[in-house]
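Biologist: I am new to reading protein structures, and I would like a close look at a single part. Please pick one stretch of chain, take me through it slowly, and then show me what lies around it.

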Amino acid sequence: MIAVLKHGSTKADEKKVIKLIEAEGFTAHPDTGAETTIVGVVGAAPDKKINLKEKLQVMSVVEKVVVISDPYKLTSWNFKQDKTVIDLGDGVKVGGDELTIMAGPCSVENKEQILETARIVKAAGAKILRGGAFKPRTSPYSFQGLGEEGLMLLAEARAETGLKVITELMDIAHIDVVCKYADIIQIGARNMQNYALLKEIGKLDKPVMLKRGMAATIKEWLLAAEYVMNEGNHNVILCERGVRTFGEETRNTMDLSSIPLVQQLSHLPVIADPSHGTGRWELVIPVARAAAAVGADGIMVEVHPHPKNALSDGPQSLKPANFRLLMDELDAITTSLKTFKAREKKIAYK
C-alpha cells in the first residue's frame with residue numbers, strides 16, 4: 001500500500017508516518033515528488049496490513065491510503081507519480097528529456113582499443129561508455145574479460161573523455177571492485193533473476209541497469225527491479241535487449257512493444273539494446289531508429305574500431321562510420337518527436 005501525505009506536509013510529518021510503518025513490522029519507502037510526498041509500504045505480513053491501513057488513515061498528515069493490487073509495488077506509477085530520472089552528474093541523465101546514448105565495445109580488450117573507441121563515441125555524441133571487464137560467455141573457452149585491469153582501463157578512458165562508465169557485474173564477490181570504477185552497474189540478462197545478487201546491489205548507492213532476461217515476461221522483469229528497489233536502491237534503469245524465440249535469423253527477437261508498455265506500467269526509464277537484440281550489425285541502426293521512435297529513454301549499442309578483430313560480439317558491433325550515421329539519424333528522430341511532445345503528455349500513463 002501507499003500513504004499519500006497531505007499537501008504542505010513536512011519532513012517531520014514524513015518521519016512520523018515512517019516510524020508507525022516500521023513499528024508495525026513493515027518497510028517504508030518515501031518518495032517526494034514535485035507536489036506530493038508518498039510513502040510506500042512493503043512487507044510480507046498481509047494479516048497486519050488492515051490494521052496498519054486503519055492507523056495510517058487516522059493520522060492527520062495522511063491524505064489517503066491506497067492498496068496496490070499489482071505484484072510490483074515500487075516500480076509502478078502508484079508508488080511514484082513523477083518519472084524517475086537517473087542523474088549521473090556533469091549533465092548526464094537517463095530518463096530526462098534527451099535520448100541518452102551508451103556505446104562502446106562488448107569487451108575491454110586492451111588500452112589502445114578502449115581509448116580509441118571512447119574517443120570515437122564521445123566525438124559522435126555518446127554520453128556513456130560501455131565495456132565489459134567481466135564477461136558471461138556461453139562457452140568456457142571464450143574470452144572472459146580482463147577483470148580489474150579492464151575496469152582500470154575504463155576509468156582511464158573516462159578520465160580522458162569525460163564519458164560516464166557502465167560495466168557488467170556478474171558476481172557478488174566482484175561488487176566492491178566494480179563499484180570502485182563504474183558509474184552504472186549493469187546486470188545482464190543471465191543474472192536478471194539472480195535474486196541474491198539483486199538484493200546486494202539494492203543496498204548500494206549506485207545506479208543499476210537491469211537487462212531483461214532472455215525468456216522473461218514483463219512481469220518478471222519488473223519484479224526483478226522490485227528486488228533491487230525493495231532494498232533501498234531506487235536508481236534503476238530497465239533495458240530491453242530482445243527475448244529468445246524460435247527464430248534463427250537473429251540472435252534474439254527485439255520486443256519493441258515492451259518499451260511503451262513498460263512505460264505505461266512503471267516510472268523507471270527504459271532503454272533499448274539493439275546490438276544484443278539482433279546480433280547483426282546491419283540491423284542495429286534500423287532497430288535503434290525504431291526504439292527511439294517508440295519512446296526509448298536511451299540506446300545502448302556496441303561499437304568497435306575493428307569489428308572483425310573483436311574478441312567478442314564482432315558481428316553485432318558497429319564500425320565508427322556507421323555509429324556516426326546512427327547518431328545523425330537518432331538526432332533527426334528525436335527532433336521530430338519533440339514536435340509531438342505536448343500531444344504525448346496527454347496520454348494517461350498513470
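**A loop late in the chain**

Modeller: Let us start with the record: UniProt, in an unreviewed entry, places the feature "domain: DAHP synthetase I/KDSA" at residues 84–331. Positions from UniProt follow the numbering used here, its feature names are shortened, and its annotations may be inferred rather than shown by experiment. This is a predicted model in which local features need pLDDT of at least 70 and side-chain atom pairs count only at pLDDT 80 or more, while totals for chains, interfaces and linings use all residues. Residues are numbered from 1 along each chain as its sequence is written, and side-chain values use heavy atoms, with hydrogens and water left out.

The span 84–331 is 38% helix and 17% strand, and its end C-alpha atoms lie 23 Å apart. Helices (H or I, at least four residues) and strands (E, at least two) are DSSP runs, numbered from the N terminus. A separate domain assignment gives domain 1 (2–66) and domain 2 (86–345), with bounds from an automatic or database assignment. The C-alpha centres of domain 1 and domain 2 are 35 Å apart.

Now to the part I have picked. Find strand 14 (298–302) and helix 11 (320–338); aspartate 313 sits in the loop between them. Leucine 311 is in the loop between strand 14 and helix 11 too, and so is serine 317.

To compare these residues we need one scale: buried means under 20% relative accessible area, exposed over 50%, and partly exposed in between (1.4 Å probe, protein chains only). Leucine 311 has a relative accessible area of 44%, so it is partly exposed. Aspartate 313, at 18%, is buried. Serine 317 is buried as well, with a value of 3%.

Next, look at what each residue touches, where contact means heavy atoms within 4.5 Å. Leaving aside neighbours within four places in sequence, leucine 311 is in contact with Glu109, Arg137 and Phe143. With the same neighbours left out, serine 317 meets Trp281, Glu302, His304 and Pro307. For a sense of distance, leucine 311 and glutamate 240 are 71 residues apart in sequence and 24 Å apart in space, C-alpha to C-alpha. Serine 317 and alanine 157 are 160 residues apart along the chain, and their C-alpha atoms are separated by 19 Å.

Aspartate 313 has a backbone feature to look for. Most residues other than glycine have a negative phi, and most peptide bonds are trans. Phi of aspartate 313 is near 60°, a positive value in a residue other than glycine. Aspartate 90 also has a phi near 60°; this residue lies in the loop between strand 5 (86–89) and strand 6 (92–94). At 69% relative accessibility, aspartate 90 counts as exposed, whereas aspartate 313 is buried.

A partner from another loop comes next. Arginine 251 is found between strand 12 and helix 8, and at 36% relative accessible area it is partly exposed. Setting aside its neighbours within four places in sequence, arginine 251 contacts His276, Thr278, Gly279, Asp313 and Gln316. The C-alpha atoms of arginine 251 and isoleucine 101 are 22 Å apart, with their positions 150 residues apart along the chain.

From arginine 251 we can follow the chain into helix 8 (residues 258–265), whose buried residues are Ser258, Ile259, Val262 and Gln263. Seen down the axis of helix 8, these residues fall within an arc of 135°, so they line one face of the helix. The arc is that of the directions from the helix axis to the C-beta atoms. An α-helix has 3.6 residues a turn, so residues three or four places apart point the same way. Covering the buried residues of helix 8 are elements including helix 7 (218–230), strand 12 (236–240), strand 13 (270–272) and helix 10 (281–293).

If you go back to the model, begin at aspartate 313 with its positive phi, then step across to arginine 251, which has Asp313 among its contacts.
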